[in-house]
Amino acid sequence: MVVDVNRGFTDPASPLVCDLDGVVEAIRRLLDGFRAAGLPVAFTTVAYDEAGKQAAEVFIAKIPALLVLEAGNRWTEIDPRIAPVAGEPVLTKLWASAFHGTPLSSFLTTQGCDSVVVTGASTSGCVRATAVDALQHGYRVLVPRDAVGDRNPAAHEANLYDIDTKYGDVVTADHVLSGIGPA
């Protein structure tokens with residue numbers, strides 16, 4: 001699960017930018033491993049059309065900069081360094097969790113998944129919300145610490161601590177890769 005690693009969070013020209021270069025590299029390595037092993041991969045992006053703006057009004061009021069993620073603009077595109085390949089869904093979401101208001105749960109069920117590896121940004125927001133919801137949907141959760149990022153280092157560490165103690169296992173990308181093999 002690659003959460004919100006779109007141009008809006010990785011392009012220095014965006015008001016939402018995070019320093020995610022190392023995170024993107026770790027995700028690229030994980031994607032290579034998952035694809036080689038024939039394991040399912042899904043992406044999310046945040047994008048607001050007029051109906052989405054109305055539905056997420058309270059969330060947007062809290063974080064008005066989200067309005068730059070207008071449906072169809074370049075900020076909502078997945079970072080090209082980790083672009084999806086054919087057959088990998090890009091789920092559009094309006095709120096923090098990759099599960100809320102998306103078909104992610106159905107996708108994971110049809111793929112026969114019992115675990116979810118959550119990567120992306122930001123650790124204190126969408127990654128944490130997705131990890132919590134994954135657990136609440138009955139999935140074992142792994143969060144590779146080198147494949148998630150946040151603008152705030154203290155929030156990043158605090159949320160990794162919470163995820164590791166309550167919702168999943170915080171590991172490294174290498175640990176995840178050591179547990180998968182070729183298809």
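Five strands form an open sheet in this predicted model. Their order is E3-E2-E1-E5-E7, and the pairing is parallel. Strand E3 (90–93) and strand E7 (148–149) are the edge strands. Each of these two pairs on one side only.

Look at one pairing inside the sheet. Strand E1 covers residues 2–3, and strand E2 covers residues 43–46. They run in the parallel sense and are joined over 2 bridges. To find the match by eye, start at Val 3: Thr 44 in E2 stands opposite. As background, side chains in a regular strand alternate between the two faces of the sheet.

Now turn to strand E6, residues 140–144. E6 pairs with E4 in the parallel sense, over 3 bridges. Here Ser 115 stands opposite Arg 140 in E6. E6 also pairs with strand E8 (residues 169–171). That pairing is parallel too, over 3 bridges. In it, Pro 144 faces Val 171 in E8. Is E6 enclosed or open to the outside? Of its 5 residues, 4 are buried, so E6 is largely enclosed by the rest of the structure.

The loop between H6 and E6 holds His 137. Is His 137 buried, partly exposed or exposed? Its relative accessibility is 41%. Buried means under 20% and exposed means over 50%, so His 137 counts as partly exposed. Compare its position with that of Ala 37. The two are 100 residues apart in sequence. In space they are 24 Å apart, C-alpha to C-alpha.

Next comes the empty space. Rolling a probe the size of a water molecule over the atoms shows where such space is left. How many cavities of 30 Å³ or more does a search of the whole structure find? It finds 1. The volume of this cavity is about 90 Å³. Its lining includes Met 1, Val 2, Ile 27, Leu 30, Leu 31 and Phe 34. Pro 40, Val 41, Val 117 and Thr 119 also line it. Helix H2 (residues 21–36) gives the most to this lining, with 4 residues. By class, 9 of the lining residues are nonpolar and 1 is polar. None is charged.

Pockets are open, unlike the cavity. The largest pocket holds about 370 Å³ of space. It is lined by 21 residues. Phe 34, Leu 39, Ser 115, Val 116 and Val 117 lie nearest its centre. Phe 34 and Val 117 also line the cavity. Which element gives the most to the lining of the largest pocket? E4 does, with 3 residues. Helix H5 (104–110), strand E4 (115–117), strand E6 (140–144) and helix H8 (173–178) each supply at least two. The lining has 14 nonpolar, 5 polar and 2 charged residues.

The second largest pocket holds about 270 Å³. It has 19 lining residues. Nearest its centre lie Phe 9, Ile 63, Ser 122, Cys 126 and Arg 151. Helix H6 (residues 123–136) gives the largest share of this lining, 3 residues. The classes here are 11 nonpolar, 4 polar and 4 charged.

Finish with the aromatic rings. A search of the whole structure finds 1 aromatic pair. A ring can also meet a charge. The charged end of Arg 74 sits over the ring of Trp 75. The distance to the centre of that ring is 4.0 Å.

Definitions and conventions: Residues are numbered from 1 along each chain as its sequence is written. This is a predicted model: local features need pLDDT of at least 70, side-chain atom pairs count only at pLDDT 80 or more; totals for chains, interfaces and linings use all residues. Side-chain values use heavy atoms; hydrogens and water are left out. Rings of Phe, Tyr and Trp (its six-membered ring) pair if their centres lie within 6.5 Å; planes under 30 degrees apart count as stacked, over 60 as edge-to-face and the rest as tilted. A charge sits over a ring if NZ of Lys or CZ of Arg is within 6 Å of the ring centre and within 35 degrees of the ring normal. On a 1 Å grid over the protein atoms alone, a cavity is a set of points where a 1.4 Å probe fits but cannot get out, and a pocket is an open set with protein on both sides within 12 Å along at least five of seven lines; lining residues have an atom within 4 Å of a point. Grid points are joined across faces, edges and corners, and a volume is the space filled by probe spheres set on the points. Ala, Val, Leu, Ile, Met, Phe, Trp, Tyr, Cys and Pro count as nonpolar, Asp, Glu, Lys and Arg as charged, and the others, Gly among them, as polar. Two strands pair if DSSP finds at least two bridges between them. Buried means under 20% relative accessible area, exposed over 50%, partly exposed in between (1.4 Å probe, protein chains only).
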